[in-house]
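Biologist: I am new to this structure and would like to be guided through it. Please explain each term as it arises.

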Amino acid sequence: MDLFGFYQGQEFEAYQYLGAHTIWQGGTVFRTFAPSAAAVGVIGEFNSWQEEPMQKALDGNFWELTVPQAEEGMMYKYRIHYRDGRTIDHCDPYGFYAQLRPENASIISILRDDEFHDAAWLKKRTVMTDKPLNIYEMHMGSWKKSGERQEDWYHYREAAVRLAPYLKDNHYNYVEIMPLCEYPSDESWGYQATGFFSPTARYGKPDDLKYFINYMHENQIGVILDFVPVHFACNDYALLQYDGTALYEYPHSDIGYNQWGSCNFMHSRGEVRSFLQSSAYYWLKEFHFDGLRMDAISNIIYWQGNSDRGENVPGVQFIKSMNLGLKKRLPSCILIAEDSSSYPKVTGPVEEGGLGFDYKWDLGWMNDTLTYFKADPYLRVDMYHKLTFSMMYNYNERFILPFSHDEVVHGKATILQKMNGYYEQKFPQARALYMYMYAHPGKKMNFMGSEIGQLREWDEKREQDWDILTYPAHDAFHHFMMELNHIYEKNDAFWQMDFKQEGFEWLDCHQEERRVYVFERRSERQRILAIFNFSDLEQKGYRLAVPKAKSLKLLLHSDWERFGGGTLKKGGGKKAGKTGDFAFDLPPFAAVYYEIIE
């Protein structure tokens, strides 16, 4: 490990030195960073939990001990003696595996690479800016379960063989998994972690997770990990007051704790930056994750996420340094920001003053769109331009359009349930909503259960309501989503020029009374017309001029009978009239895609 780089916040492989590492002579060498500790010892299965003192190493801020009888699979902790006389047993901050809650010991685990056979995948991997990126967000423990109990989780290997064919059948090419760093409380969903190098034991061992990712790659599915570089769980056995001082967190409570009741990382400390950068690189390098979605980035950009409190300059510098370093080492990894602020150049290159992310969640688009569809159709007359506003800023960043887990919990209702009106009216609106989403510039992300029209809010203790597919309306909706994903995947006009202005053009965005919207998506070889009627009235005789179009080939109609609508699938499209325009009769709450033939 580069000691100077560690203190300067430039180290990306601190885990190769710190933590528990088996050695070829036999035994394990334990190392931890605890500069203010009065003394540190190792306790574990190998010494009957009787403390063996560690010795100071390197510059005296590190502690080290080799234990000949310590072997892979054995549990251990660091017993840290504080200068004020207290003694606390801690799990290893750099531990590669840990016990399942409520227990908290670290477990000796070897870094292996033999689970992987994905060299071909890694060689052709890209950041997908000019390709279809359709992400299925999931919580590993509640997608499907093996039984009725909360802890009847499928393990990584079991989940892999069930998930991969489902994603392929549904035409999702990436899966984003909610945080897997070890965490004590199921209700935190992994966002309050204690083990930043430990895959949660809920679903198996580290090698099982590697099997999962390798299996996805063999099935041409990328895997993104939800990563939390902002804060950590306030458990005294973990990072909190690790050496008797605020080693990882701020010493002052006004910025040391956040709205989630957890401790904020002190990003101005080089040791903390090296810890987090090494964790991010560890998941990408050792587990072959294809990308990281980084949580709550606005809480790094601004103090406590509040722009009124000013920019957190060390936090911004940390993000730039980490993203630049990750991209230097793994250029094809995908870095995604969940950022609710309007901070500029989040997806701009660091060399040009940006933060260096590949994508940013478009939370403005998400909020405006869902607000619109919650509203009574009559009120959408005055709300018409909530759906045009996103294109005013669309080219400022590279966006992902997210319908995430955050939108289906805490009384917000699921995506289908949010649609205005009674049960029967929700389905046509949801179909039109999703066709709007998939035609709009930006990559796509949908949370599990939304594709089957789930009505119950997500609960991490239960699997998704798969039995809802026995109801014809939900089964039809699921088949609609499958076909929509397929149409998106195979038509490059929807994604090749997502971030180029020539890839999109409004053809009609001033039909406030009718609540009709029309735009065109383009690629180098294809043009697609997308028409939307978001009113509850049929729009008869709507006429539209489409430049250079001789005819229109029908690709998808949200109101087809087989999706639960009232329109028969007949005819292949339309020909231009004598005046060069096209006539449309649009059913209520309907969306239509046509390929434009010149």
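Modeller: One definition comes first: a residue is buried under 20% relative accessible area, exposed over 50% and partly exposed in between (1.4 Å probe, protein chains only). This is a predicted model, in which local features need pLDDT of at least 70 and side-chain atom pairs count only at pLDDT 80 or more, while totals for chains, interfaces and linings use all residues. Residues are numbered from 1 along each chain as its sequence is written, and side-chain values use heavy atoms, with hydrogens and water left out.

Biologist: Is Asp208 buried or exposed?

Modeller: Asp208 has a relative accessibility of 16%. The limit for the lower class is under 20%, so Asp208 counts as buried.

Biologist: Which residue meets the side chain of Asp208 in a salt bridge?

Modeller: In general, side chains of opposite charge can pair when their charged atoms come close. A salt bridge here is a side-chain nitrogen of Lys or Arg within 4 Å of a carboxyl oxygen of Asp or Glu. At 2.5 Å, N to O, the partner of Asp208 is Arg157.

Biologist: In which helices do Arg157 and Asp208 lie?

Modeller: Helices (H or I, at least four residues) and strands (E, at least two) are DSSP runs, numbered from the N terminus. Arg157 is partly exposed, at 31% relative accessible area. The two residues are 51 apart in the chain, and their helices are α3 and α4.

Biologist: How far apart are the end C-alpha atoms of helix α3?

Modeller: The expected span of a helix is 1.5 Å times one less than its number of residues. The 15 residues of α3 (156-170) should therefore span 21 Å. The model agrees with this, as the distance between the end C-alpha atoms is 20 Å.

Biologist: Against which elements do the buried residues of α3 pack?

Modeller: The buried residues of α3 include Tyr156, Leu163 and Leu167. With contact meaning heavy atoms within 4.5 Å, the buried residues of this helix pack against β10, β11, β13, α4 and α13.

Biologist: Which strands make up the closed barrel?

Modeller: Two strands pair if DSSP finds at least two bridges between them. The barrel has eight strands with parallel pairing. Its order is β10-β11-β14-β17-β18-β19-β20-β21.

Biologist: By how many degrees are neighbouring strands of this sheet turned against each other on average?

Modeller: Axes are lines fitted to C-alpha atoms, for helices over the stretch in contact, and angles run from 0 to 180 degrees between N-to-C directions. For neighbouring strands of the barrel, with direction ignored, the average is 25 degrees.

Biologist: What angle does helix α9 make with β20?

Modeller: Strands β18 (334-337) and β19 (359-361) run parallel and are joined by two bridges. Helix α9 (363-374) packs on the sheet and touches β19 and β20 (399-403). Its direction makes with that of β20 an angle of about 40 degrees.

Biologist: Which residue forms a salt bridge with Asp226?

Modeller: The closest N to O distance in this salt bridge is 2.7 Å, and the partner is Arg293. The pair links β14 (222-227) with β17 (291-294), 67 residues apart. Asp226 is buried at 2% relative accessible area; likewise buried, at 0%, is its partner, Arg293.

Biologist: Which strands stand at the edges of the open sheet of six strands?

Modeller: The order is β22-β23-β24-β29-β26-β27, with antiparallel pairing. Each edge strand has a single partner, so one side of each is left without a neighbour in the sheet; these strands are β22 and β27.

Biologist: Which residue in β29 stands opposite Leu554?

Modeller: Strands β26 (551-557) and β29 (590-597) pair in the antiparallel sense over six bridges. Opposite Leu554, in β29, stands Tyr594.

Biologist: Which residue joins Glu182 in a polar contact of 2.9 Å?

Modeller: A polar contact is a pair of N or O atoms within 3.5 Å; within protein, one must be able to donate a hydrogen and the other to accept it, and residues adjacent in sequence count only if both atoms are side-chain atoms. Glu182 lies in strand β12 (181-182) and is buried, at 4% relative accessible area. The side chain that joins it belongs to Arg202.
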